[in-house]
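Biologist: Before I read any single residue in this model, I would like to learn how its features should be interpreted. Could we take them one at a time, with the general idea before the case?

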Amino acid sequence: MAVTGPAELLATWEAGLARQGSGRALLLHRAARPGAGTDALLSVPLGERAADLFALRRALFGDRMEVRTDCADADCGAAMEFELDAGALGAVRPQVPEGGLRVEEGEWAVRFRLPAPADLAAVSAAAVDPEDARRLLGARCVRSAVRGGREATEEETAALPGAVLKRFAEEAERADPAAELTLNIACPECGAATPAELDIAAYLWTELDAWARDVLLDVHLLASAYGWSEPQILALSPLRRRYYLELCADA
């Protein structure tokens, strides 16, 4: 992966300040795949996007990821810190059978595709409860549906039985295990297992935000000391920039 330059990363950060979770995830994915269009980015399986974002994270900040959470045991609540390997996590990409995911349940035979970011956005905007969300997501991902030996109507597809949706969720999890990354962390204090969901887009945004604010502070200090423009300062390597900052501090 070609590492996006500091000026482009700052532009991504600036655009993301006015957006929330899904909008920031799209901006980060565009930074990971600079040549891809918006429709293409919104159509990839969720695990594919996660793998791209882990690759971007490695290119920008390295493999080592520090994660902090609290023990889920109400009587403990100890703060926990652990490390993850972005390289290992980013290696997990979707494995979709040819023809999509096939589910046979009762009188139903349905082929599904894997959910994509566009599906989550549509479900989030339209669904009012978890059951509606599952049904809407399933309907959006249907490629073909047969009921009792005949092609299902649009109305039938929009109201798939819970058993079919459950099988679809199980097949999707097997084919795209990185779509939702949940870790079970053993508390070092009490031993209780704490589930910790890792949202790579949110994690990477937090790191990018901290990086951008540090870089802008560097720009301010060096511009004040030397009269250089922002593009001139950003063109310096991090090592040279740090050296000039040390000279400013010693002056």
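Modeller: Let us begin with contact, which means heavy atoms within 4.5 Å. The structure here is a predicted model, and in it Thr-157, leaving aside its neighbours within four places in sequence, is in contact with Ala-139, Val-142, Ala-145 and Ala-152.

Biologist: In which helix is Thr-157 found, and does Thr-157 count as buried or exposed?

Modeller: Thr-157 is found in helix H8, which covers residues 154-157. For burial the cut-off is a relative accessible area under 20%, and Thr-157, at 13% relative accessibility, therefore counts as buried.

Biologist: How should I read the protein as a whole, and how many helices and strands does the secondary structure come to?

Modeller: The secondary structure of the protein comes to 12 helices and eight strands. The radius of gyration is 23 Å, whereas the globule rule gives 18 Å for 251 residues, so the protein is more spread out than a compact globule. Along its principal axes the C-alpha trace spans about 80 × 50 × 30 Å, and buried residues make up 37% of the 251 residues. Among the contacts with a separation of 6 or more, 60% are accounted for by residues 24 or more positions apart.

Biologist: When two helices pack, what is the angle between them, taking H2 and H4 as the case?

Modeller: Angles of 65 to 115 degrees count as roughly perpendicular. Helix H2 (residues 21-32) and helix H4 (residues 46-61) pack at an angle of about 65°, with their axes 9 Å apart, which makes H2 roughly perpendicular to H4. Their crossing is left-handed.

Biologist: Which residues of H2 and H4 meet, and how do the residues of this contact divide by character?

Modeller: From H2, the residues Ala-25, Leu-28, His-29, Ala-31 and Ala-32 meet Arg-49, Asp-52, Leu-53 and Leu-56 in H4. The residues of this contact divide into six nonpolar, one polar and two charged.

Biologist: What does Ala-201 touch beyond its neighbours in sequence?

Modeller: Ala-201, with neighbours within four places left aside, is in contact with Ala-25, Leu-28 and Leu-53; Ala-25 and Leu-28 belong to the H2 side of the packing just described, and Leu-53 to the H4 side. Ala-201 itself is found in helix H10 (residues 200-226) and, at 9% relative accessibility, counts as buried. Separation along the chain and separation in space should be read as a pair, and for Ala-201 and Ala-125 the values are 76 residues in sequence and 19 Å from C-alpha to C-alpha.

Biologist: How do H6 and H7 cross, and is that crossing left-handed or right-handed?

Modeller: The axes of helix H6 (residues 117-126) and helix H7 (residues 130-141) come within 9 Å and cross at roughly 140°, and the crossing is right-handed. On the H6 side the contact is made by Ala-118, Asp-119, Ala-122, Val-123 and Ala-126, and on the H7 side by Ala-133, Leu-136, Leu-137, Arg-140 and Cys-141. These residues divide into eight nonpolar, no polar and two charged.

Biologist: Where does Gly-62 lie, and what is its relative accessible area?

Modeller: Gly-62 lies in the loop between H4 and strand E1 (64-70), and with a relative accessible area of 23% it is partly exposed. Apart from neighbours within four places in sequence, Gly-62 is in contact with Arg-57 and Ala-86. Gly-62 and Asp-85 are 23 residues apart in sequence and 9.0 Å apart in space, C-alpha to C-alpha.

Biologist: Which residues does Pro-6 touch, if residues up to four places away in sequence are not counted?

Modeller: On that count Pro-6 touches Trp-211 and Leu-234. Pro-6 lies in helix H1 (residues 6-16) and is partly exposed, with a relative accessible area of 29%. The C-alpha atoms of Pro-6 and Met-80, which are 74 residues apart along the chain, are separated by 33 Å.

Definitions and conventions
Residues are numbered from 1 along each chain as its sequence is written. This is a predicted model: local features need pLDDT of at least 70, side-chain atom pairs count only at pLDDT 80 or more; totals for chains, interfaces and linings use all residues. Side-chain values use heavy atoms; hydrogens and water are left out. Axes are lines fitted to C-alpha atoms, for helices over the stretch in contact, and angles run from 0 to 180 degrees between N-to-C directions. Helices (H or I, at least four residues) and strands (E, at least two) are DSSP runs, numbered from the N terminus. Angles under 35 degrees count as roughly parallel, over 145 as roughly antiparallel, 65 to 115 as roughly perpendicular and the rest as oblique. A crossing is left-handed if the near helix is turned anticlockwise from the far one by less than a right angle, and right-handed if clockwise. Ala, Val, Leu, Ile, Met, Phe, Trp, Tyr, Cys and Pro count as nonpolar, Asp, Glu, Lys and Arg as charged, and the others, Gly among them, as polar. Buried means under 20% relative accessible area, exposed over 50%, partly exposed in between (1.4 Å probe, protein chains only). The radius of gyration is taken over C-alpha atoms; the globule rule is 2.2 Å times the number of residues to the power 0.38.
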